Amino acid sequence: MSLPHALLTALIDRPDSGSELASRFDRSLGYFWAATHQQIYRELARLEEAAWIEALPEESGRGRKRQYRILPAGRKELRRWVVQPEEPKPLRDEMMVRLRAEAALGSSG
């Protein structure tokens, strides 16, 4: 997965500000892909430059956050990325080996 595609995926649900996206990201996609808030803000700027997202007009009032929404070109890119063939990456996870070892040992371990 790539960060731009993870952010496009998050914006499919609803427009959001950078801080709201970072928070949502931490609670959902963050389990699969780690990103700092700084990385998210940098990537939002790149996505906007690529015309895959746009910033919505800012509402007046103090403390209003800039909201972003996905554009048709962003949806097209996300569709292209979803169907792009990719070789599976080898999985190396120590916790999974521990779980297998525990199962192999059984309760007599």
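Which kind of interaction do the side chains of Arg24 and Asp16 meet in?

## Arg24, Asp16 and their network

In this predicted model, the side chains of Arg24 and Asp16 come together in a salt bridge, with an N to O distance of 2.3 Å. Both partners lie out of reach of the surface by the criterion applied here, Arg24 being buried and Asp16 likewise.

The pair does not stand by itself, for Asp13, Arg14, Asp16 and Arg24 are linked in a network of salt bridges. In the structure as a whole, 8 salt bridges are found, and two further examples, one within a helix and one between strands, are described after the next section.

## Ser17 and its surroundings

Ser17 belongs to strand β1, which covers residues 16-17, so that Asp16, a member of the salt-bridge network, falls within the residue range of that strand. With a relative accessible area of 1%, Ser17 is classed as buried, because the limit for that class is under 20%.

The side chain of Ser17 is joined to that of Ser19 by a polar contact of 3.3 Å. When residues up to four places away in sequence are set aside, Ser17 touches Lys65, Arg66 and Gln67, and the last of these, Gln67, lies in the residue range of strand β3, which spans residues 67-70.

## A salt bridge within helix α3

Glu43 and Arg46 form a salt bridge in which the closest N and O atoms are 3.1 Å apart. Both residues sit in helix α3, which runs over residues 37-49, and because they are 3 residues apart there, about one helical turn separates them.

Are Glu43 and Arg46 buried or partly exposed? Glu43 has a relative accessibility of 11% and therefore counts as buried, whereas Arg46, at 47%, counts as partly exposed.

## A salt bridge between strands β2 and β3

Glu54 forms a salt bridge with Arg69, and here the closest N and O atoms are 2.4 Å apart. This pair links distant parts of the chain, since Glu54 is located in strand β2 (residues 53-55) and Arg69 in strand β3 (residues 67-70), with their positions 15 residues apart in the numbering.

As for accessibility, Glu54 counts as partly exposed at 25%, and Arg69 also counts as partly exposed, at 37%. The buried pair of Arg24 and Asp16 may be set beside these two residues, for which the accessibility class is partly exposed.

Terms used: Residues numbered from 1 in each chain as written. Predicted model: local features only at pLDDT ≥ 70, side-chain atom pairs only at ≥ 80, totals over all residues. Heavy atoms only, no water. Helix = DSSP H or I, 4+ residues; strand = E, 2+ residues; numbered from the N terminus. Buried < 20%, exposed > 50% of the residue type's maximum accessible area, 1.4 Å probe, protein only. Polar contact = N/O pair within 3.5 Å; in protein donor to acceptor, adjacent residues only side chain to side chain. Contact = heavy atoms within 4.5 Å. Salt bridge = Lys/Arg side-chain N within 4 Å of Asp/Glu carboxyl O.
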